[in-house]
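Please load the model in your viewer and keep the selection tool at hand. The stops below say what to select at each step and what can be found there.

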Amino acid sequence: MISTLAIILSFQLIGEIASRALALPLPGPVVGLILLVLTCILRPSVAAHIRGTTLGLLQHLSLFFVPAGVGIVAHGDLLREDGMALALALIGSTVLAIAVGAWVFAAVARWTGSTDPEAQKGPNDA
Amino acid sequence: MRDPLLIWSYLAQGPLLWLTATLVAYLAGDACFRTTGRQSWANPVLIAVILLALLLWLTGTDYATYFEGAQFVHFMLGPATVALALPLYDNLPRVRKAALPMLAALIAGSVTAVVSALLIARAFGISGPVLASLAPKSTTAPVAIGIAERIGGQPTLTAALVLLTGIFGAIIVTPLLNALNIRDWRARGFSVGVAAHGIGTARAFQVNETAGAFSGIGMGLNAVLTAIIAPLALRLFGG
């Protein structure tokens, strides 16, 4: 567990340094993610080593958003003034973006013949 | 027995109390999520945030004091983002096969998210810095804040809008795509990652690992694309 954490933190650190040094449009952790995927491709043993702890971490991905979420309440006055209009814009645009994105993905997958029978939602899935 | 006020003033100083409260509130949210049969409206982030906000209000604690303790949990966002490498690696053959659908869905979803938000907000009379704060709301928080600063938005407002978008997207994605009868896990995950970043990705992982992997990719790619699209869209549709 500690060695996995050290590996992940090292990749984040390298990502942060690269993101800043090269003025990339991507945040450090995303650069770290890309470098870690490349490392796993070159050395599959790394993927096997970090598997347990990493999947455990991702199972509770929601937890890590809680402190920032509480910040919405702290900045409530910012939202009060234009609250209704902002809420409508958020709701409308999020519904449209998810619907359009998923529909385009499914349509292009059909046209290009890149459908994936194993990645279909069954009738009993959530 | 010592004066309880003394104990409280000791606890209110250090990070222990609010770190513990954050974990317990999340576990309570997660328990609600499980007992409702993993219903998307019982979102664990939303429940935990409401519980903690109530607790802060009842105890008269300000956000800065709370964050002293909660920052340890907040810090884990970075490592968790790096950890998305593993499901991405596991799904690589699948990802290679889906390059074209992903590219098309990325452009369609990202443009829709930015342009429709600007048009709706403008129709309701929003302009200037508030509009600029809204433009990057579908992308992951650190990138969104950077974009907002560059195009004249308010970073704290953007941070709040990003989180609200994520929570709403995570709640709406399952009923919405069920209604549209889209059953491809890749499409379901990818679109929620593009529209609702990490919180959408967390939801996708709760449901299906392939959906989670594609959601992580959608989030990462949209971070890049929104940095390009948001300034352009604001110039075209920002009034």
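Begin with α2 of chain B, and select B:Leu16, B:Thr20, B:Arg34 and B:Thr35, which are exposed on one side of this helix in the predicted model. Then turn to the other side and select B:Trp18, B:Ala21, B:Thr22, B:Ala25, B:Tyr26, B:Gly29, B:Asp30 and B:Phe33, which are buried. These buried residues cover an arc of only 165 degrees around the axis, which puts them on the same side of α2(B).

Which elements do the buried residues of α2(B) pack against? Show α4 (66-74) of chain A, together with α3 (44-59) and α4 (63-75) of chain B, because these are the helices that the buried residues of α2(B) pack against.

Now select the whole of α2(B), residues 16-35, and follow its 20 residues from end to end: the helix reaches 28 Å from its first C-alpha to its last, close to the 28 Å expected at 1.5 Å a residue. Just after α2(B), stop at B:Gly37, which takes a positive phi of about 75 degrees.

Staying in chain B, select residues 6-29, one of the spans that an unreviewed UniProt entry annotates as "transmembrane region". Over residues 6-29 of chain B the chain is 92% helix and 0% strand, with the end C-alpha atoms 31 Å apart. Residues 72-89 of chain B are also among the spans that carry this annotation in the UniProt record; there the chain is 89% helix and 0% strand, and the end C-alpha atoms lie 27 Å apart.

Next, display the contact between the two chains, which takes 71 residues from chain A and 98 residues from chain B. On the side of chain A that touches chain B, α1 (2-21), α2 (28-42), α3 (44-59), α4, α5 (76-80) and α6 (83-111) each supply at least two residues, and the largest share, 23 residues, comes from α6(A). Colouring this side of chain A by class will show 52 nonpolar, 14 polar and five charged residues.

Finally, hide chain B and look at chain A by itself, which has six helices and zero strands. The radius of gyration of chain A is 20 Å, well over the 14 Å that the globule rule gives for 126 residues, so chain A is more spread out than a compact globule. Its C-alpha atoms fill a box of roughly 50 × 45 × 35 Å along the principal axes, and 40% of the 126 residues of chain A count as buried.

Key. Residues numbered from 1 in each chain as written. Chains lettered and ligands numbered in written order. Predicted model: local features only at pLDDT ≥ 70, side-chain atom pairs only at ≥ 80, totals over all residues. Helix = DSSP H or I, 4+ residues; strand = E, 2+ residues; numbered from the N terminus. Expected span 1.5 Å × (residues − 1). Buried ≥ 20, exposed ≤ 12 C-beta atoms within 10 Å, placed from the backbone. Arc of directions from axis to C-beta. Contact = placed C-beta atoms within 7 Å. Nonpolar A, V, L, I, M, F, W, Y, C, P; charged D, E, K, R; others polar. UniProt positions renumbered as here; feature names shortened; annotations may be inferred. Rg over C-alpha atoms; globule rule 2.2 N^0.38 Å.
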